[in-house]
Amino acid sequence: MTTRPETHATLYVVGNINVDLIMSTLHEWPKKGTEAMLESSSLRPGGSAGNCALALSALKSPFRLVANQGNDQFSGWLAGMFPESAPLWPTCDCETSLTFGVTHPDHERTFFSNQGHIVRLSMHDVLAQIPPAAQSGDWVLLCGTWLCTALYAQYPQLLAALKQRGYQIAIDSGWPPEDWSDDLRHQAANWLPFCDALLLNEVETLGLANAETLDSAALSLLGQMAENAFCVAKCGPDGARLWAKNLTLQQNAEPVDVVDTIGAGDSFNAGFLSALIYGLPPATALQWGVRVAGCAISSSPRRYPDWQSLFGLVEKI
Ligand SMILES: Nc1ncnc2c1ncn2[C@@H]1O[C@H](COP(=O)(O)OP(=O)(O)OP(=O)(O)O)[C@@H](O)[C@H]1O
Ligand SMILES: [Mg+2]
């Protein structure tokens with residue numbers, strides 16, 4: 001294939017973009033009041049929406065990052081990474097959301113985050129950045145659900161408004177910091193009916209459904225979602241699975257040497273939803289998700305597949 005296929009659809013990614021500063025490797029937790037010298041550091045945009053948008057930008061998929069920003073030296077740096085989206089981001093008079101992380105010798109990581117702009121993103125900010133009427137095939141992805149606290153409080157109204165505008169809606173809520181509770185499940189029951197694709201990992205799927213097996217969890221969630229919805233479970237090294245009406249699919253992950261798993265799920269979302277905005281079927285979307293995530297987590301500096309190799313998967317089917 002020499003020319004890239006066209007689409008008129010766009011993916012709107014709504015949620016948290018922040019600064020990630022990761023330092024390696026902390027061998028022993030330092031004593032209070034001392035300074036620890038670590039070997040290396042890496043500074044990059046992060047957050048679920050940020051990770052997903054970085055992948056979409058590398059894949060050259062049509063997308064907009066729908067977000068807000070703080071008002072300090074980091075704000076311009078983040079905005080500069082997404083020049084097509086950032087002019088619409090409202091500025092809050094606050095610090096930029098920032099995560100500082102250290103990696104440990106066993107590859108575990110410890111993170112420290114401030115609140116910053118992401119807790120201030122509002123439904124009004126989001127709706128002002130998304131066209132009043134969807135083009136055919138447009139999707140909105142809501143991610144960083146539990147971190148965008150002001151926005152989460154408005155989820156039912158936001159989802160209703162997006163549906164009214166004609167968008168298909170995907171949600172990757174992630175794991176709630178205070179664990180799943182009946183109260184949270186009850187709240188989810190209000191937004192699941194608007195959701196056309198749920199993109200959780202295995203334990204999140206089990207936790208949200210409060211079920212024992214992945215099949216029973218996914219089918220019970222699917223039963224609460226929009227008509228013709230997809231329930232996807234990301235299963236780490238085992239790839240990903242998908243449930244839809246009269247359809248279950250499984251896509252193995254290619255074995256890779258993992259160097260950095262940060263944003264694996266967000267990179268999967270970018271691949272999966274890119275396929276959908278090109279009108280490709282769910283089996284291809286799973287392949288794209290797994291391919292993009294596998295490439296991202298096995299490269300340093302981070303790399304993503306080129307469009308020829310992704311559309312090459314379509315030709316093989
Ligand atoms: N060890 C691995 N080997 C190969 N592929 C992997 C591995 N870990 C993750 N992946 C790929 O990344 C995708 C998403 O990873 P995972 O299932 O861990 O999601 P997640 O827990 O939502 O990730 P995140 O922590 O980024 O939110 C998987 O579906 C798989 O395709
Ligand atoms: Mg995830």
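## Loops, sheets and ligand shell in a predicted model

Pro 301 is found in the loop that runs between H10 and helix H11 (307–316). The model described here is predicted, and in it the peptide bond joining Ser 300 and Pro 301 is cis, with an omega of about -5°. A second cis peptide bond joins Ser 24 and Thr 25, where omega is about -15°; Thr 25 belongs to the loop between S2 and S3. Another backbone feature concerns Lys 60, which has a positive phi of about 55° although it is not a glycine, and which sits in the loop between helix H1 (48–59) and strand S4 (63–66). As background to these loop features, most residues other than glycine have a negative phi, and most peptide bonds are trans.

The loop holding Thr 25 lies between S2 and S3, and these strands belong to an open sheet of four strands, ordered S3-S2-S5-S6 and with mixed pairing. Its edges are formed by strand S3 (40–46) and strand S6 (109–113), each of which pairs on one side only. On average, and with direction ignored, neighbouring strands of this sheet are turned by 20° against each other. Within the sheet, strand S2 (residues 18–24) and strand S5 (residues 98–103) run parallel and are joined by five bridges; Leu 21 has Phe 100 in S5 as its bridge partner. Helix H2 (residues 73–81) packs on this sheet and touches S2, S3 and S5, its direction making about 70° with that of S3.

Strand S4, which bounds the loop of Lys 60, takes part in an open sheet of eight strands, again with mixed pairing, in the order S4-S1-S7-S8-S9-S10-S11-S12. Here the edge strands are S4 and strand S12 (247–251), each pairing on one side only, and neighbouring strands are turned by 15° against each other on average when direction is ignored. Strand S7 (residues 139–143) and strand S8 (residues 168–172) run parallel and are joined by five bridges, with Ala 170 in S8 as the bridge partner of Leu 141. The helix that packs on this sheet, H8 (residues 214–224), touches strand S9 (197–201), strand S10 (230–234) and strand S11 (240–244), and its direction makes about 40° with that of S11.

Turning to the ligand, 17 residues surround ligand 1, and the closest are Asn 201, Gly 236, Gly 239, Ala 264 and Gly 265. By residue class, the shell around ligand 1 divides into ten nonpolar, five polar and two charged residues. Oxygen atoms of ligand 1 take part in polar contacts with the protein, including those listed here with the protein side of each pair.

| Residue | Protein atom | Distance to an oxygen atom of ligand 1 |
|---|---|---|
| Asn 201 | N or O atom in the side chain | 2.7 Å |
| Gly 239 | polar backbone atom | 2.9 Å |
| Lys 234 | polar backbone atom | 3.3 Å |

Taken alone, ligand 1 exposes 620 Å², and the protein buries 78% of that area. The elements that give two or more residues to the shell around ligand 1 are helix H9 (264–277) and helix H10 (282–297). Helix H10 also bounds the loop in which Pro 301 lies, and the cis peptide bond between Ser 300 and Pro 301 is the one with an omega of about -5°.

Terms used: Residues numbered from 1 in each chain as written. Chains lettered and ligands numbered in written order. Predicted model: local features only at pLDDT ≥ 70, side-chain atom pairs only at ≥ 80, totals over all residues. Heavy atoms only, no water. Pairing = 2+ DSSP bridges. Axes fitted to C-alpha atoms, helices over the stretch in contact; angles between N-to-C directions. Contact = heavy atoms within 4.5 Å. Near = heavy atom within 4 Å. Polar contact = N/O pair within 3.5 Å; in protein donor to acceptor, adjacent residues only side chain to side chain. Areas by Shrake-Rupley, 256 points an atom, 1.4 Å probe, with all protein chains shown as cover. Nonpolar A, V, L, I, M, F, W, Y, C, P; charged D, E, K, R; others polar.
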